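Let us walk through this protein together, looking at how parts of it are covered and where empty space remains.

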Amino acid sequence: MKSIRVLAVLLLGICSVTRAEDAPAFKRTEDIIYGRKFGTALTLDVIQPSNTNGYGILFMVSGGFFSSHEAINVGFYKPLLNHGYTVFAVVHGSQPRFIIPEIEQDIHRAVRFLRWNAAKYGIRADKLGITGGSAGGHLSLTMATEAGPGKSDAKDGIDRQSSAVQAVACFFPPTDFLNWSRPGDDAVGVGAVAQFQPAFGPRTATAESRQIYGQEISPLYFLSSNLPPTLIIHGDADKLVPIYQSEMFVKRAREMGAPPVKLVVREGKDHGWPDMVKDIEIFADWFDQHLRGMKGNQTEDGK
């Protein structure tokens with residue numbers, strides 16, 4: 001279990017060496033409680049630049065479906081802050097205590113919380129972006145494909161809000177656990193991702209149950225033409241999450257006639273690289289185009 005947590009923390013850092021002091025002037029408010037479950041507080045940090053543009057981006061602090069406040073790296077958000085985005089670093093309930101479906105519910109709650117409190121944080125409620133890498137990319141695409149209206153009769157006003165996001169940019173996301181590196185390659189807590197089995201829970205016991213469960217937790221099976229504009233950056237030498245995952249997601253989205261969806265391939269790159277913060281600049285341009293409606297720099301084309 002300790003080795004899984006160590007690997008997850010490494011993934012959370014996403015190979016970034018950027019320091020917080022390298023970021024532009026900002027105000028950071030830590031440990032805002034966006035929800036509770038089983039007596040556990042769910043928290044996020046608000047990082048608001050001095051030159052705020054009035055738009056918010058949720059950053060999924062997640063690696064191997066493990067989340068930690070200590071893994072929040074403000075310096076990694078520098079390009080987003082430079083563009084004026086208020087960044088919300090979302091920490092979710094971690095495996096093994098919580099499994100993927102439960103973690104996904106945390107993110108629905110976080111989006112609803114920010115939409116409900118948009119005026120408080122000086123952002124538009126109708127234009128939220130989301131980003132993350134690896135498990136954080138999976139959670140980003142889960143919101144892109146499965147988010148929707150809240151419960152109109154909920155007592156809590158937050159739960160009446162929509163969890164939909166309006167633009168996505170993420171790194172090397174798992175998108176189909178049933179077909180990991182090729183058709184039929186089962187990775188529903190087994191095989192290539194067996195080391196992360198605690199994140200999947202007990203429904204991985206049989207091949208039959210994995211076939212059902214794998215669809216339930218894979219964003220690809222929830223794709224529709226309503227997908228918000230989505231950008232994925234993925235290394236073609238990724239040994240943990242094969243680039244096949246992103247290729248199939250983008251292919252299926254285009255077949256369905258979804259709005260702009262792009263895959264930018266980083267040749268020779270594995271599951272993260274030292275200068276990834278430069279790619280966050282591409283994310284910032286993407287959000288400028290698809291959240292703010294700016295024409296400016298055009299996002300780098302992928303295949």
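**Two covered helices and two spaces**

In this predicted model, we can begin with the residues of helix α5 that are buried, namely A135, G136, G137, H138, L139, S140, L141, T142, M143, A144 and T145. Since the helix runs over residues 135-146 and has twelve residues, this list leaves α5 mostly covered, with eleven of its twelve residues buried. From its first C-alpha to its last α5 reaches 16 Å, which is close to the 16 Å expected at 1.5 Å a residue.

What, then, do the buried residues of α5 pack against? Their partners are the strands β3 (56-61), β5 (128-133), β6 (167-171) and β7 (230-235), together with the helices α3 (100-116) and α7 (244-255).

A second helix, α8, covers residues 277-290, and its 14 residues reach 20 Å from the first C-alpha to the last, close to the 20 Å expected at 1.5 Å a residue. Eleven of these 14 residues are buried, so α8 is largely enclosed by the rest of the structure. The buried residues of α8 are V277, D279, I280, I282, F283, A284, D285, W286, F287, D288 and Q289. Their cover includes the strands β3, β5, β6, β7 and β8 (261-266), as well as the helix α2 (78-82).

From the helices we can turn to the spaces between atoms. Rolling a probe the size of a water molecule over the atoms shows where empty space is left. In this structure there are two cavities of 30 Å³ or more, and the largest cavity has a volume of about 120 Å³. Its lining is made of 13 residues, among which G64, F65, P174, V193 and F196 lie nearest the centre of the cavity. Sorted by class, the lining of the largest cavity consists of eleven nonpolar and two polar residues, with no charged residues.

The structure also has a largest pocket, which holds about 240 Å³ of space. Which classes of residue make up the lining of this largest pocket? Seven residues of the lining are charged, three are polar and one is nonpolar. The residues that line the largest pocket are G35, R36, K37, L42, Q105, D106, H108, R109, R112, K151 and D159. Both β1 (26-37) and α3 supply at least two residues each to this lining, and α3 gives the most, with five residues. Helix α3 therefore appears twice in our tour, as it is also one of the elements against which the buried residues of α5 pack.

Notes
Residues numbered from 1 in each chain as written. Predicted model: local features only at pLDDT ≥ 70, side-chain atom pairs only at ≥ 80, totals over all residues. Heavy atoms only, no water. 1 Å grid on protein atoms, 1.4 Å probe; cavity = no way out; pocket = protein on both sides within 12 Å on 5 of 7 lines; lining within 4 Å. Points joined across faces, edges and corners; volume = space filled by probe spheres on them. Nonpolar A, V, L, I, M, F, W, Y, C, P; charged D, E, K, R; others polar. Helix = DSSP H or I, 4+ residues; strand = E, 2+ residues; numbered from the N terminus. Expected span 1.5 Å × (residues − 1). Buried < 20%, exposed > 50% of the residue type's maximum accessible area, 1.4 Å probe, protein only. Contact = heavy atoms within 4.5 Å.
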